[in-house]
Amino acid sequence: MSKVSNSTQVPFYFILTGIPGFEAFHIWISIPFCCLYTISIVGNTTILAVIRTEPSLHQPMYLFLSMLALTDLGLTLTTLPTVMQLLWFNIPKISFEACFAQVFFIHTFSFMESSVLLAMSFDRYVAICRPLHYDTILTSEVIGRIGLAIIGRCILAVLPSLFLLKRLPFCHSHLLSHSYCLHQDMIRLVCADIRVNSWYGFALVLLIIVMDPLLIILSYTFILKNILGTASWTERLRALNNCLSHILAVLVLYVPMIGVSMTHRFAKHASPLVHVIMANVYLLAPPVMNPIIYSVKTKQIRQGIIHLISQRNMCLK
C-alpha cells in the first residue's frame, strides 16, 4: 500500500469501528449509549448549575468539583459526535484533521480528570490535616492558579505527542479500533520509526498516569494517619465520610484505566469486542458515575439539586 502522509493533497481519512460483530444492531446499541451520554450531560450540567447558584457551595471543595464536572462534560462532548454518527447513521469516516482534533481533546480531558482528582486529594488533605489553615491556604486566587496550572499541564503534555505523530506517514490500513480517535490506535497505522513517540508516551505515562495516583495515595496516607490519631470513632467516621465521594471518583477513573492497560498488555489476541468494551467503559464511566456519586454521597449537593428543582417548578407555575 502506498504511503500517505499529511503533506499529500489527496483527502485522507480514517475509518472508525463500532461494536465488532454487532454492526447490524448498531441502532439498538445506540439506545444505552444515548442514555449514558444523556445522564452524563444532564448530571454534570446540574452539578455546575447547583454550585453556581448556591452561595454556600462557593468553597474550595465544590470549586474543584465544578472543575471535575467541566472536565467530564468536555470528555463526553468530545466522543459523542463520532460515536452517535456511527451508531445512528453508519458514517464511519472521519477526516485526518478532525481525528487529530479529537485525539487532542480526548487525551487532554483524560489527563485533566486525573489532575483534578489530584488537586481534590490535596483539598481533602488540607481540610482534614490542617483545618485551621484551610481558608488561608486554599483561597480563590490559589484555586484559580491550580485550575490554570492543570489546563497548562495537560495541553503541554498532549501537544508534543500530536506534533510527533503528525510528521509521520500513514501507509497501513485506515481502520481504527474504536468509534473515536485515540493516539495509541493511530500510532499503529504509521509506517515509520516511532521510537521517539513511544519514549514520549512512556514519559507521559510516568509523569501523569503513574505519578498522579501515587500522589493521591500519599495524600490519603497522611489523611489516614491523621484520622487514626483523632480521639473518637465518630470523628474518624465523619472524616472518612467526607473523603468517600472523592475515593469513589478515583476508583471510577483508575480501575477502568488499569483494566484497559492490562487488556492491551496481556490480552492482545483477545476478541476486538473486549478491547472496544474496555475502552468505552474507561471513557464513559467517570462522566456518567461522578455526578451520581456526588449527588448521592454529598448532602450539600443533594440539597442544592432539590432546591434548584423546586425553584424551576416555582418559575414554571
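A salt bridge here is a side-chain nitrogen of Lys or Arg within 4 Å of a carboxyl oxygen of Asp or Glu. By this rule the count comes to 5 salt bridges in what is, to be clear from the start, a predicted model. Three of these pairs are worth walking through.

Take Asp212 and Arg153 to begin with. Their side chains meet in a salt bridge, at 2.8 Å from N to O. The pair links distant parts of the chain, with Asp212 sitting in helix 7 and Arg153 in helix 5, 59 residues apart. How do the two ends fare for solvent, buried or exposed, or something in between? Asp212 has a relative accessible area of 0%, so it is buried, while Arg153, at 26%, comes out as partly exposed.

Then there is Arg124, which forms a salt bridge with Asp123, the closest N and O atoms being 2.9 Å apart. Both ends of this one are tucked away: Arg124 counts as buried because its relative accessibility is 8%, and Asp123 counts as buried at 2%. Arg195 and Asp193 make another bridge, with 2.7 Å between the closest N and O atoms. Here the picture is one of open surface, since Arg195 is exposed, with a relative accessible area of 59%, and Asp193 counts as partly exposed at 44%.

Now for the cysteines. The structure holds 1 disulfide, and the bond joins Cys99 to Cys181, with the sulfurs 1.9 Å apart. The torsion about that S-S bond is about -115°, so the disulfide of Cys99 and Cys181 is left-handed. What does the bond tie together? Cys99 belongs to helix 3 and Cys181 to the loop between helix 5 and helix 6, so the pair connects parts that lie 82 residues apart in sequence. Neither end offers any surface to solvent: Cys99 counts as buried at 0% relative accessibility, and Cys181 likewise counts as buried at 0%.

Other cysteines stay unpaired. Cys154 is in no disulfide, and the nearest cysteine sulfur, that of Cys181, is 20 Å away. Cys154 also counts as buried, because its relative accessibility is 0%. Why is there no bond between Cys34 and Cys35? The sulfur of Cys35 is the closest cysteine sulfur to that of Cys34, but the gap is 6.1 Å, which is too far for a bond; the cut-off for a disulfide is 2.5 Å. Cys34 itself, at 28% relative accessibility, counts as partly exposed.

Helix 5 deserves a paragraph of its own. The helix covers residues 140-166, 27 residues in all, and reaches 39 Å from its first C-alpha to its last, close to the 39 Å expected at 1.5 Å a residue. Its buried residues run along much of that stretch of numbering: Ile143, Ile146, Gly147, Ile150, Cys154, Ala157, Val158, Ser161, Leu162, Leu164 and Leu165. Which elements do these buried residues pack against? The partners are helix 2, helix 3 (96-129), helix 6 (183-186) and helix 7 (195-228). So much for the packing of helix 5; its Arg153 has already come up as the partner of Asp212 in helix 7.

Helix 7 has another residue of interest, Ser219. With a relative accessible area of 13%, Ser219 is buried, because the cut-off for that class is under 20%. What does Ser219 touch, once residues up to four places away in sequence are set aside? The contacts are Ser121 and Tyr125.

Last comes the surface. Phe22, Phe25, Ile27, Trp28, Ile31, Trp88, Phe89 and Ile91 form a nonpolar patch there, with about 880 Å² of accessible area together. Two or more residues of the patch come from each of helix 1 (26-53) and helix 2 (60-89). Helix 1 gives the most, with 3 residues. Ile31 is a patch member that has its place in helix 1. At 45% relative accessibility Ile31 counts as partly exposed, and that value clears the bar for patch membership, which asks for over 30%.

Technical notes. Residues numbered from 1 in each chain as written. Predicted model: local features only at pLDDT ≥ 70, side-chain atom pairs only at ≥ 80, totals over all residues. Heavy atoms only, no water. Patch = residues over 30% accessible without salt bridge, like charges linked within 9 Å, V, L, I, M, F, W, Y side chains within 5 Å. Areas by Shrake-Rupley, 256 points an atom, 1.4 Å probe, with all protein chains shown as cover. Helix = DSSP H or I, 4+ residues; strand = E, 2+ residues; numbered from the N terminus. Buried < 20%, exposed > 50% of the residue type's maximum accessible area, 1.4 Å probe, protein only. Expected span 1.5 Å × (residues − 1). Contact = heavy atoms within 4.5 Å.
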